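Open the structure in your viewer and keep the selection tool handy. We will walk through a few aromatic and nonpolar spots, one selection at a time.

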Amino acid sequence: MRLNCIVVDDSSLQRNIITKLVEKHPNLHLIGDFSNAIEAKAYMNLHNVDLVFLDIEMPVINGFDFVDGLQIKPQIIFITAKADYAIKAFDYNATDYLQKPLAVNRFNTSIKRAMNLYLLKSESPAEYVEHIFIKCNLKKLKIFTAKIKWIEAFGDYVRVITEDDSNLVLSTMKSFENELSKDKFLRVHKSYIINIDKVKSINGRFAEIGITKIPLSRQKKENLVKALAFN
């Protein structure tokens, strides 16, 4: 088994060093290398990428901003000359953080970690593979979308209610609506997005999720009925 990899680094010298390490590793398959985040993102929109070797300090769009802009996030191994970014890198749920110049043994250890994570996800139930990241209390939290019950507008914030807890996020409903699967999530009111799989019943005015009644707008109710395949 091999992971599909790309390398993103604005330095041609460093990019060449990383690509050679990738090409020599039996568990990695290099499918592209890019000098900037814009080209890399365009490529990722069309190809399946399992692992990204990503420089942090790049012009125009740095490594962190690049990850923030990805809808589907593969594993990320950050590579930089500075140790100062290490804590922030792991806030981004990075697989690993490598410092330049790269040591072969340390590189191989990092790939072993990436392989273990890949195998772990492959063995997990499908519903606990799809996830999003939310920013809450200066941290990034990984939320499995299958556990989300509903999302609710809360002033300038959005409240994400899951099976385990709820979190306030400085964001917009539109942002969440664009990020979540339209097959599983539906905007049923200007202030509510619900997980269709969590709906217990509906009536003229509400959708019930557990003991909570979620208000339905008149236009959105028809869309929910179709999604639930009610007759």
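**A tour of the rings**

Start by selecting F64, F78, Y85 and Y92, which ring pairs link into a cluster. Keep in mind as you look around that this is a predicted model.

How many aromatic pairs does the structure hold? There are five. For one of them, select F34 and Y43: the ring centres lie 5.2 Å apart and the planes meet at 50 degrees, so this pair is tilted. Colour by accessibility and you will find F34 buried, at 10% relative accessibility. Y43 is buried too, with a relative accessible area of 17%.

Now return to the cluster and pick out F64 and Y92, a tilted aromatic pair with 4.9 Å from centre to centre and 40 degrees between the planes. Where do the two residues sit in the chain? F64 belongs to helix α3 (residues 63-68), while Y92 is in the loop between α4 (86-91) and β5 (96-99), so the pair, 28 residues apart, links distant parts of the chain. Buried means under 20% relative accessible area, so F64 counts as buried at 3%, and Y92 does as well at 12%.

Next, select F206 and K213. Here K213 lies over the face of F206, at 5.9 Å from the ring centre.

Finish on the surface with F154, Y157, L168 and L170, a nonpolar patch that has about 410 Å² of accessible area together. Zoom in on L168, which lies in strand β10 (residues 166-169). L168 is partly exposed, with a relative accessible area of 38%.

Terms used:
Residues are numbered from 1 along each chain as its sequence is written. This is a predicted model: local features need pLDDT of at least 70, side-chain atom pairs count only at pLDDT 80 or more; totals for chains, interfaces and linings use all residues. Side-chain values use heavy atoms; hydrogens and water are left out. Patches are made of residues with over 30% relative accessible area and no salt bridge: like charges are joined within 9 Å, nonpolar side chains (Val, Leu, Ile, Met, Phe, Trp, Tyr) within 5 Å. Accessible areas come from the Shrake-Rupley method with a 1.4 Å probe; for residues, only the protein chains shown count as cover. A salt bridge is a side-chain nitrogen of Lys or Arg within 4 Å of a carboxyl oxygen of Asp or Glu. Helices (H or I, at least four residues) and strands (E, at least two) are DSSP runs, numbered from the N terminus. Buried means under 20% relative accessible area, exposed over 50%, partly exposed in between (1.4 Å probe, protein chains only). Rings of Phe, Tyr and Trp (its six-membered ring) pair if their centres lie within 6.5 Å; planes under 30 degrees apart count as stacked, over 60 as edge-to-face and the rest as tilted. A charge sits over a ring if NZ of Lys or CZ of Arg is within 6 Å of the ring centre and within 35 degrees of the ring normal.
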